Every structure is written in C-alpha cells, then in structure tokens.
Amino acid sequence: MDVRGKREMRRERKPLPFLLAAVAVVALFAAGFIFLRTSSHDQEAHGAQEVLSKPTALTEPEELALTEPETGPESDAVTEPAVSEEKPEPQNRFVISLLGDCTLSSSHYTNYFEHYIGDNLEYPFSNVADILTADDLTLANLECSFSDKRLESESQYAFCGNPKYARSLVLGGVDCVSMANNHTNDFGRTGVEDTAAVLEKEGITGIQENQGTYFDLKHADGISVRVGIYAHPFNGSTEQMQKGVARLREEGADIVIACMHAGAEKIYVPTKRQTYLAHAAISGGADLVVGTHPHVLQPVEAYQGGKILYSIGNFCFGGNRNPGDKDTVIAQMVVQVEEDGVSWDMEYVPCSVSGVTNQNDYRPTPYGQDEKGYQRCLSKLAEPWDKTTAEEAAAAKAAAELAAAEAAAGEDPV
C-alpha cells in the first residue's frame with residue numbers, strides 16, 4: 001500500500017466550509033500571538049543594547065541583566081550616581097596669575113626659538129595653559145618686540161619676534177603684558193608701535209612704561225573687583241613709582257599691582273634700588289609689587305601690609321637656549337571679596353622654564369611636589385632672606401670669578 005499516495009489524495013479533497021473558517025481563525029490567532037511575542041522580544045533586546053552602550057563599571061553584559069538591586073541602608077550608595085568631590089570655586093574668589101620674562105623670540109641674530117617652535121603656536125604654554133586659562137587674569141612681562149618688518153637694533157641682545165607668536169600668549173591664557181623693561185626701546189619707536197598694534201589685534205592689553213590700566217573682574221552672580229596695574233619705567237624714579245600707583249588707588253582700584261623691572265641679572269638678592277622702588281610702591285598704595293629682570297627667583301618681602309616679589313625669574317624665555325637656572329614660579333594673587341572689603345593672599349606654582357633638563361625647550365612646566373625643584377623654588381622665595389646686599393653678592397661673585405680665572409692661568413690668586 002502506497003501511504004504517500006493516499007496522503008496526496010487526502011490533500012486534494014476539499015474540506016467543509018465551517019472547517020475552513022475554523023482553521024482561518026486559529027491561523028490568525030496564532031499569527032497574532034507570534035507577532036506580539038516577537039515584537040516584545042525585539043523591544044527588550046533593543047532596550048538592553050541601549051543600556052549596555054552607556055559607560056558602566058561592569059565588564060560583563062550578563063551582569064547587568066542578572067544583578068538584583070540591593071535593599072537596605074547601603075543601597076542608595078550603589079544605585080545613585082556618584083557625586084564629584086571637587087567643590088565649585090566660591091563666587092567671591094578671584095585669581096590673578098603673574099609670570100616672569102616672556103620672550104617669544106630668539107636673539108635678533110639667531111633663530112633657535114623659531115626653528116624649535118615653527119608654526120605650533122600652542123606649544124610654548126601647553127604645559128601651563130590649564131592653570132592660566134582657569135584663572136581670572138594673567139599678567140606677564142613681555143621682553144620682546146613683535147613686528148613683520150626687519151627692524152635693526154644696536155643692542156647686543158635684542159628680541160624681535162614674528163607677530164604670529166603673539167598668538168601663543170593668547171592660547172596660553174595671557175591677558176595682559178607689561179611693556180616696560182630694558183628691551184622696550186631696542187627697536188625704537190617703530191618697535192614699540194608695531195608691538196602695541198600686534199597685541200591689540202590679538203586682544204592682549206599691553207601696558208607701556210609709566211602707564212596704568214584697569215581690569216574689572218566679575219563673576220556671574222555680579223560680585224566684582226577692580227584691579228589696577230601700573231608699569232614702572234625701567235629707569236624710572238621712586239617718585240614716578242609712588243605717584244603711578246597712587247593714581248590707580250585714587251581712581252577706585254580695589255587691588256593695585258606695580259610692575260617693576262629692576263635689579264642685577266643672575267643675582268639672588270635685591271639691590272638697594274629694587275628695595276627703594278618697591279617700598280615706594282607700597283607707600284603709594286600698591287598691594288603687590290611684581291619684579292622682573294634678574295632672570296632668577298629672589299625672595300618675597302612682606303612690607304607695610306603689602307607683598308614684594310622682587311624677581312619671579314624667566315618664564316617662556318626664547319632668549320636663552322639653556323639657562324643655568326631654570327627655576328621659576330606662577331605667582332597667584334588670590335583675592336577674596338567680602339561685605340566688609342577685599343582681602344588677598346599669595347600662592348605659588350613652582351615651575352621650570354623648560355620641560356627638559358638638558359636644554360631649553362621653551363615650554364614652562366610645573367614641578368611635581370615630589371621633585372627637588374619644587375621645594376627649591378619655594379626656598380628661593382622664602383622670607384626672611386640672607387641680608388647680604390646684591391652689591392655685596394655681585395662683588396663676591398666677581399672676585400670668585402677672577403680668582404678662578406687666575407688659578408686657571410697658573411697665577412696665585414691675590
């Protein structure tokens with residue numbers, strides 16, 4: 001008997017109408033059930049995919065589906081999002097950063113800085129930009145000119161940079177520069193005017209010698225502080241210093257900063273002239289005197305309620321391929337605005353002018369707290385200091401150098 005043949009015959013027979021209707025109902029019901037089941041499964045799978053695509057501490061996807069929520073007092077710590085331990089900056093706090101000599105150029109007769117930096121304008125301040133862009137105001141001493149002309153100078157060391165390097169100051173967070181130093185007039189009036197024009201184009205405030213300016217710093221809630229900055233001429237008098245800061249105070253500055261470019265190069269103690277000028281500034285109403293020119297760190301002095309930073313050294317300094325002393329700091333004036341007035345204090349970020357030790361890579365870099373340079377910088381700023389005058393230190397240094405030279409020549413030192 002052919003079973004297959006009988007099955008084919010049965011399939012060819014037509015069923016009764018009511019059976020066809022019943023079969024149709026059953027088929028529709030089954031199809032709907034399958035569709036709903038499949039749709040529900042697809043939605044669950046899609047939802048699981050979205051959860052797993054978000055950052056999570058879990059490493060295995062199965063854990064996300066299998067882990068049951070905890071109950072009891074400790075469950076909140078597990079299920080609620082973590083809260084950052086960092087506290088927001090108080091709105092009545094303002095930070096003013098102060099930098100030493102910035103020379104965005106090589107000597108007029110070399111191109112070491114330009115060759116090293118090229119067109120990477122972010123590079124020079126790349127290791128400190130996060131600090132300087134987080135403050136409310138950054139002030140530096142600009143010890144170079146900017147011009148697109150080939151300017152000539154009779155100075156042995158003169159620095160005229162390509163205008164594009166002024167952009168490095170902006171990218172590094174520098175808002176304001178003092179143009180009052182011994183290199184201000186190296187390229188004559190043209191150099192000063194070209195530099196001022198480049199700074200203005202970049203949105204940087206340039207303060208020329210014996211001039212002052214104001215910055216009205218304000219937070220979102222309306223709390224504000226007015227900062228006055230005076231740039232004392234390189235060979236200016238104590239009278240100019242006192243009158244310059246007094247004018248800013250009289251015109252309503254809450255905080256007055258005096259920029260002083262004076263002292264003996266590579267000498268670690270202030271000269272008498274530095275002391276006279278700085279004391280005159282405080283007597284005239286300055287809160288803070290920030291000094292440059294010696295190219296090294298010198299001590300801080302507390303004087304009649306003010307602070308004197310006699311020298312904060314170099315910073316981003318293209319004028320020396322390998323300074324013997326690379327220590328510097330970012331000095332930060334931290335201002336608090338209260339209902340009864342304004343108060344402030346100083347903080348310091350010890351740095352090297354270079355990111356490497358064997359040369360100057362023209363990229364100031366903070367020292368780690370475990371590095372020797374960190375404490376070394378702070379010790380150079382420490383007060384009180386050795387009362388040896390700069391003149392005595394310079395004389396001792398010259399005598400030592402002479403003795404060494406004579407010894408090298410085979411002569412007995414006197």
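Arg376 is partly exposed in this predicted model, with a relative accessible area of 36%. Its salt-bridge partner is Asp327, and the closest N and O atoms of the two sit 2.6 Å apart. That pairing ties together distant parts of the chain: Arg376 belongs to helix H11 (residues 372-381), Asp327 to strand E14, and 49 residues separate them. Unlike Arg376, Asp327 counts as buried, at 3% relative accessibility. The two don't act as an isolated pair either, since salt bridges with shared partners join Asp325, Asp327, Arg376 and Lys380 into one network.

Now for some bridges within helices. In helix H9 (residues 238-250), Lys243 and Glu239 lie 4 residues apart, about one turn of the helix. Their side chains meet in a salt bridge, 2.9 Å from N to O. Lys243 counts as exposed at 53% relative accessibility, while Glu239, at 48%, is partly exposed. Helix H8 (residues 188-202) has a pair with that kind of spacing: Arg189 and Glu193 are 4 residues apart, so about one helical turn separates them. Their salt bridge has its closest N and O atoms 3.7 Å apart. The count for the model comes to 11 salt bridges.

Next, the nonpolar interior. The largest nonpolar core holds 34 residues, and those touching the most other members are Ile96, Leu98, Val227, Ile229, Ile257, Leu309 and Met333. Strand E14 (residues 327-338) gives the most to this core, with 5 residues. Take Val227: leaving out residues up to four places away in sequence, Val227 touches Ile96, Leu137, Thr213, Tyr214, Phe215, Leu217, Ile255 and Ile257. Apart from this core lies another, of 31 residues, including Leu142, Cys144, Val174 and Met179.

Methods: Residues numbered from 1 in each chain as written. Predicted model: local features only at pLDDT ≥ 70, side-chain atom pairs only at ≥ 80, totals over all residues. Heavy atoms only, no water. Core = buried A, V, L, I, M, F, W, Y, C linked by side-chain atoms within 4.5 Å. Buried < 20%, exposed > 50% of the residue type's maximum accessible area, 1.4 Å probe, protein only. Helix = DSSP H or I, 4+ residues; strand = E, 2+ residues; numbered from the N terminus. Contact = heavy atoms within 4.5 Å. Salt bridge = Lys/Arg side-chain N within 4 Å of Asp/Glu carboxyl O.
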